[in-house]
Amino acid sequence: MEQIVFGIGITALAGALATVAGSAEDTESNIGSQGDPNSQVQLAPQMGFVHRIFNKAVAGEPPAYALWCALGAGLAWAFLAMHVNAVLAIVLGSLLAVFVQGIYATTAYLGRTSSLAKFGQPVYVDILKSMTTVAMAHAFVAIFCTVTICYLINAALGHPFPLPLLGFIWGIALGAAGSATGNPYYGKERQYQNQKFGAGVPISASGNIVRYAEAGERNSIDNGFFTAKFGGPASGLCFGLIVFLELWRTILFEKVGAGWGAIIVGILIILVFTIIDRYMEVWARKNYGPYTAPAKEAAP
Amino acid sequence: MTVKVEVIEGGIPHQKIMIAGLIATIVCLYLSYLNVYTNTAYFSFFGGLAVVAALIWGSHTIKVLCSYGIGTGVPSAGMIAFGSGVIAMLLATKFGNAAPIVALILAAVIGLILGYLANEVLNMKIPVMIQSLTELAVVGALTLMGFAVLITGSFTFTGLTTGSVTLFGMISMPSYQVSFIGGGLVAVAFLLGSIAVQHPFNACLGPGWKQDRMLMLTAECGFLSMIVAAVMSFALISAGAAIISLLIALIGWVYTYCQYIELSKRDAYAWLDAKPIPDVEGH
């Protein structure tokens with residue numbers, strides 16, 4: 001019983017950390033226009049819309065975060081093997097991983113922008129300096145929280161996988177959660193505030209992203225500020241739920257039926273979420289969506 | 001293979017880069033064998049140099065492959081390179097000092113099969129697919145082997161699966177948990193390599209693509225990965241050897257990073273600091 005209570009405590013802590021990680025991850029990727037919104041940021045200058053938005057596409061978010069988290073975890077593992085204190089090891093590992101992330105971000109921006117010279121897109125050094133540091137700060141929070149989750153799973157819950165491998169797996173999960181949940185809010189909503197709500201992205205509007213802000217020109221910090229209010233927390237909730245439910249089902253039901261209990265509960269959770277998602281989608285379309293055929297007006 | 005590889009306009013032809021990359025990688029991997037002769041780990045940094053050489057070759061292969069309109073497939077090209085390479089590399093480590101050559105042959109076979117499946121079974125019909133996937137698998141296997149040498153000082157199976165734990169600063173005992181494979185560092189090496197091999201083309205693609213800028217970025221990515229791998233190697237090899245690797249990586253990285261910024265400055269439309277969006281005709 002004591003073990004289960006301890007396990008649930010760790011689960012709750014990991015879930016909370018995951019929520020923070022998810023929301024920091026989404027804000028970071030939005031500041032860098034990574035993932036979903038990237039194609040339009042890349043396309044805009046080619047359509048004549050020169051902009052001041054940060055464009056760092058290292059890879060899709062899942063592989064990129066798999067690297068940052070696996071690297072943070074691998075370095076933390078190495079420091080732990082050198083008998084460094086666990087908290088310090090995780091902080092140092094995450095710091096070095098963030099250094100790599102920042103360097104990748106600058107080279108991605110420089111490379112992408114220089115290759116667009118033909119379309120008159122200049123390299124903005126101030127964008128490079130101010131956006132990279134903000135993105136790095138958010139990435140640090142995301143990596144630190146994820147590596148801590150991995151450490152808790154490994155050291156407190158006794159998971160047999162070594163720390164770097166857990167970092168790899170949870171890094172992919174983190175990137176996928178942010179990419180699937182928070183990014184469309186920036187890519188479909190924020191970039192196209194000048195289009196009719198719910199209109200999708202018509203071909204004629206391709207690349208015509210919003211480039212001017214309430215005052216002056218929009219940059220990626222404005223985008224991070226905007227998505228941190230809704231897209232970020234939504235991604236956090238998503239990743240938090242993933243981590244929490246995953247650990248919860250393992251801890252409570254692992255002993256049932258030689259491990260099959262946890263698997264059956266996992267399938268049940270998926271079924272419950274599928275039903276909730278379907279219901280919500282239908283409900284949202286009915287109430288907000290322009291998907292219903294518009295009523296035909298009588299011919300004059 | 002009768003596939004003809006197009007020469008990239010105004011640059012070094014791909015065949016040349018491939019041959020140079022292959023030879024440099026194999027030579028560097030074998031130079032790390034000096035570790036065995038001198039019974040130290042001071043020559044582990046050759047593993048890192050092998051990584052840089054293999055990555056330069058690999059990123060150019062990705063450029064050749066992805067010229068056929070595989071835009072969003074750039075990161076996945078890196079993943080398949082290392083996914084197929086890791087099998088060959090792990091199996092090859094069982095062959096003692098023939099490991100690099102065995103890894104090369106095994107990876108080429110795996111890559112050939114994957115390329116055949118992609119082109120003939122999945123019907124992708126991309127002319128350079130088979131050759132490119134073969135090359136990428138070899139690049140993946142040799143890069144992973146380079147990381148293994150850099151971090152552990154050895155490319156044999158025993159070296160990669162056995163580490164040692166020091167208790168109370170005196171008693172040293174073998175441990176399988178504290179090793180390249182047992183500790184899961186192979187996962188980190190996998191990602192370091194697969195992101196580093198796809199990033200240069202992914203970052204430099206576009207109408208203004210330049211070969212020298214992309215290859216400089218690849219070298220930069222290689223040395224950057226070498227820095228963090230050298231930090232990890234402190235856990236598995238002697239501090240002196242790890243410091244040598246770290247210093248070489250830092251020097252290489254600073255040089256290539258500065259060069260890359262210079263090349264970006266050369267190719268950019270304008271290099272502005274806190275300036276508004278310029279007026280482009282028609283908007």
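Reading from the N terminus, the elements of chain A follow one another as α-α-α-α-β-α-α-α-α-α, which amounts to 9 helices and 1 strand. Please keep in mind throughout that what we are looking at is a predicted model.

Let me stay with chain A for a moment before turning to its partner. Its C-alpha trace spans about 75 × 55 × 25 Å along the principal axes, and of the 300 residues in this chain, 52% are buried. If we take the contacts in chain A with a separation of 6 or more, 75% of them come from residues that stand 24 or more positions apart.

Two residues may help to make that picture concrete. The residue A:I221 sits in helix α7 of chain A, which covers residues 220-227, and with a relative accessible area of 32% A:I221 is classed as partly exposed. Which residues does A:I221 touch, once those up to four places away in sequence are not counted? They are A:S130, A:M131 and A:V134. In the same spirit, we can look at A:I221 and A:A135, which are 86 residues apart along the chain, while their C-alpha atoms are separated by 9.1 Å.

The second residue is A:T106, which belongs to helix α4 of chain A, residues 86-114. Is A:T106 buried or exposed? Its relative accessibility is 10%, and because buried means under 20%, A:T106 counts as buried. Leaving aside neighbours within four places in sequence, A:T106 is in contact with A:L128 and A:T132, and also with B:Y257, a residue that brings us to the other chain.

So let us move to the interface. As a general point, the size of an interface is often given as the accessible area that is lost when the parts come together. Here, chain B and chain A bury about 4,500 Å² between them, and 71% of that area is on carbon and sulfur atoms. In terms of residues, 57 of chain B are in contact with 57 of chain A.

There are 22 residue pairs in polar contact across this interface, counting pairs in which both residues have pLDDT 80 or more. On the side of chain B that touches chain A, at least two residues each are supplied by α4 (74-92), α8 (185-204), α9 (211-233), α10 (239-267) and β3 (271-272) of chain B. Which of these elements gives the largest share? It is α8(B), with 13 residues. When the residues on this side of chain B are sorted by kind, we find 38 nonpolar, 14 polar and 5 charged.

The strand in β3(B) deserves a closer look, since strand β1 of chain A, residues 123-124, pairs with β3(B) in the parallel sense over 2 bridges. Within that pairing, A:V123 stands opposite B:W271.

Now to the salt bridges, of which the structure holds 13 over all chains. I would like to walk through a few of them, beginning inside chain A. The side chains of A:E28 and A:K56 meet in a salt bridge with an N to O distance of 3.1 Å. Why can we say that this pair ties together separate parts of the chain? The reason is that A:E28 lies in helix α1 (residues 2-31), whereas A:K56 lies in the loop between α2 (38-43) and α3 (61-81), so the pair links parts that are 28 residues apart in sequence. Both A:E28 and A:K56 are buried.

How many salt bridges are counted between chain B and chain A? The count is 1, and in it the side chains of A:K129 and B:D273 meet at 3.7 Å, N to O. Since A:K129 lies in helix α5 of chain A (residues 125-156) and B:D273 in the segment after β3 of chain B, this pair joins two chains. As for accessibility, A:K129 is exposed at a relative accessible area of 53%, while B:D273 is partly exposed at 39%.

A further example is A:E246 with A:R249, whose closest N and O atoms are 2.8 Å apart in a salt bridge. These two residues are 3 residues apart in helix α8 of chain A (residues 231-253), and are therefore separated by about one helical turn. With a relative accessibility of 27%, A:E246 counts as partly exposed. Finally, in chain B, salt bridges that share partners join B:K210, B:D212, B:R213, B:R266 and B:D267 into one network.

Key: Residues numbered from 1 in each chain as written. Chains lettered and ligands numbered in written order. Predicted model: local features only at pLDDT ≥ 70, side-chain atom pairs only at ≥ 80, totals over all residues. Heavy atoms only, no water. Contact = heavy atoms within 4.5 Å. Buried area = accessible area lost by both parts, 1.4 Å probe. Salt bridge = Lys/Arg side-chain N within 4 Å of Asp/Glu carboxyl O. Polar contact = N/O pair within 3.5 Å; in protein donor to acceptor, adjacent residues only side chain to side chain. Helix = DSSP H or I, 4+ residues; strand = E, 2+ residues; numbered from the N terminus. Nonpolar A, V, L, I, M, F, W, Y, C, P; charged D, E, K, R; others polar. Pairing = 2+ DSSP bridges. Buried < 20%, exposed > 50% of the residue type's maximum accessible area, 1.4 Å probe, protein only.
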